[in-house]
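I wanted to go through this model element by element and note how its parts pack and pair. These are my entries, in the order in which I looked things up.

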There are 2 protein chains.
Amino acid sequence: MTTRRDAVHDTLRRSEGFRSAQDVYAEMRLHGAKIGLTTVYRALQALADCGQVDVLRTDEGESVYRACASDDHHHHLVCRRCGHTVEVAGPAVERWAEAVGSDHGFTEITHTVEVFGTCSSCSAPARVG
Amino acid sequence: MTTRRDAVHDTLRRSEGFRSAQDVYAEMRLHGAKIGLTTVYRALQALADCGQVDVLRTDEGESVYRACASDDHHHHLVCRRCGHTVEVAGPAVERWAEAVGSDHGFTEITHTVEVFGTCSSCSAPARVG
DNA sequence: GGAGATTTTGACAATCATTTTCATTTTCTC
DNA sequence: GAGAAAATGAAAATGATTGTCAAAATCTCC
């Protein structure tokens, strides 16, 4: 039974940036979906576990999810204003992380890399008057 | 008045890896310090605000702090087992992040980069028998 | 088609790090 | 010292997330 999970996945796919569980829940309820918050959390976790969605932690400690287009390992360039997200590859970074780790005798190296900025739309000067 | 803050900072400096506020608080109390949890939180935040300690978020959403040797921008190679931490520079990564951002029209670019692994001590085969 | 087993769901309570509140204490400032 | 301003901390509040458990949905085998 994946109806609920699919519904959650769909909601996420319709979103542009990263969304929190509470966001997803609110949006689904808004559109009339009959689903509980607990189920949204479980679906999101399940999706994250099987790699179908990416997870990030906000500065406030909230987990946010995104249904990314790319299945491959990639990173995110996220607008800190509107949340607009671009998936980016960074082979150089992958190699760097691996090298840094093994240089220091570390094994089973993983890394987290996220880039934040203000996207062009958001950095456009606010209309005055 | 910075007595408390200094005490917190000192405790952190004596630690090898990243420590949570609760950790720091427990350790200080253990050593007889008379300080409240609230104050530890406040001191840690203040130290982080003025860049005297680095902050990370664990997978569990806990904030962990570290008094780093380097004042300059740097990243961390953290042992996921024992927490042993190495401060590493990554000029190539800085440039990459900047380039990725501006390529997509983003400004005011920041980034988070952390590398995790198992350090040599921890990956040594466990003694059997 | 149906009985019973299994899984999923979701309302509610519990957890837990962190933050607020607010009265008390400490530390200036003059 | 007196009074103002800042720091402290105990306890309550917050808020995301997780656990509980009974009800509902679904599957399985006859």
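I began with the rule for strand pairing: two strands pair if DSSP finds at least two bridges between them. I also noted at the start that this is a predicted model.

**Entry: small sheet, chain B**

I looked up the pairing of β2(B) first. Four bridges join β2(B) to strand β3 (residues 63-66) of chain B, and the two run antiparallel. As one point in that pairing, I found B:Val55 opposite B:Tyr65 in β3(B). I then asked what the strand order of the open sheet is. The sheet has three strands in the order β1-β3-β2 (chain B), with antiparallel pairing. The edges are β1 (19-20) and β2 (54-57) of chain B, each of which pairs on one side only.

**Entry: small sheet, chain A**

I turned to chain A and listed its open sheet of three strands, which has the order β1-β3-β2 (chain A) and antiparallel pairing. Here β1 (19-20) and β2 (54-57) of chain A are at the edges with a single partner strand each, so one side of each has no neighbour in the sheet. I counted four bridges between β2(A) and strand β3 (residues 63-66) of chain A, again in the antiparallel sense. For A:Arg57 I recorded A:Ser63 in β3(A) as the bridge partner.

**Entry: overall content of chain A**

I wrote down five helices and six strands for chain A. Along the sequence their pattern reads α-β-α-α-β-β-β-β-α-β-α. The C-alpha trace of chain A spans about 55 × 55 × 25 Å along its principal axes.

**Entry: β6(A) and its partners**

Within chain A, I found strand β4 (residues 75-79) paired with strand β6 (residues 107-118) in the parallel sense over four bridges. A:His76 has A:Glu114 in β6(A) as its bridge partner. I then followed β6(A) across to the other chain. Nine bridges join β6(A) to strand β6 (residues 107-118) of chain B, and these strands run antiparallel. I noted one of the residue pairs there: A:Thr118 has B:Thr107 in β6(B) as its bridge partner.

**Entry: interface of chains A and B**

I asked how many residues of chain A are in contact with chain B. The count is 38 residues of chain A against 38 residues of chain B. The area buried between chain A and chain B is about 2800 Å², and carbon and sulfur atoms give 63% of that. I also looked up which three residues of chain A supply more than any other three of the area that chain A buries against chain B. They are A:Arg57, A:Trp96 and A:Phe106, with 24% of that area. A:Arg57 is thus on two of my lists, as it also has the bridge partner A:Ser63 in β3(A).

**Entry: α1(A) on α2(A)**

I took the helix pairs next. Helix α1 (residues 3-13) of chain A and α2(A) pack at an angle of about 100°, with their axes 10 Å apart. That angle makes α1(A) roughly perpendicular to α2(A). For the contact I listed A:Ala7, A:Val8, A:Thr11 and A:Leu12 in α1(A), which meet A:Val24, A:Glu27 and A:Met28 in α2(A). By class I recorded five nonpolar, one polar and one charged residues in this contact.

**Entry: α2(A) on α3(A)**

Helix α2 (residues 21-30) and helix α3 (residues 37-49) of chain A pack at an angle of about 125°, with their axes 9 Å apart. I therefore entered α2(A) and α3(A) as oblique to each other. Their crossing is right-handed. On the α2(A) side I listed A:Ala21, A:Gln22, A:Val24, A:Tyr25 and A:Met28, which meet A:Leu37, A:Val40, A:Tyr41 and A:Leu44 in α3(A). The contact of α2(A) with α3(A) has eight nonpolar residues, one polar and no charged ones. A:Val24 and A:Met28 are among the residues that meet α3(A), and they also meet α1(A).

**Entry: α1(B) on α3(B)**

In chain B I looked up helix α1 (residues 3-13) and helix α3 (residues 37-49), which pack at an angle of about 80° with their axes 9 Å apart. I therefore entered α1(B) and α3(B) as roughly perpendicular to each other. B:Arg4, B:Arg5, B:Val8, B:His9 and B:Leu12 in α1(B) meet residues of α3(B) that include B:Thr39, B:Val40 and B:Ala43. By class I recorded seven nonpolar, two polar and two charged residues for the contact of α1(B) with α3(B).

Definitions and conventions. Residues numbered from 1 in each chain as written. Chains lettered and ligands numbered in written order. Predicted model: local features only at pLDDT ≥ 70, side-chain atom pairs only at ≥ 80, totals over all residues. Heavy atoms only, no water. Axes fitted to C-alpha atoms, helices over the stretch in contact; angles between N-to-C directions. Parallel < 35°, antiparallel > 145°, perpendicular 65-115°, else oblique. Left-handed = near helix turned anticlockwise from the far one by under 90°. Contact = heavy atoms within 4.5 Å. Nonpolar A, V, L, I, M, F, W, Y, C, P; charged D, E, K, R; others polar. Buried area = accessible area lost by both parts, 1.4 Å probe.
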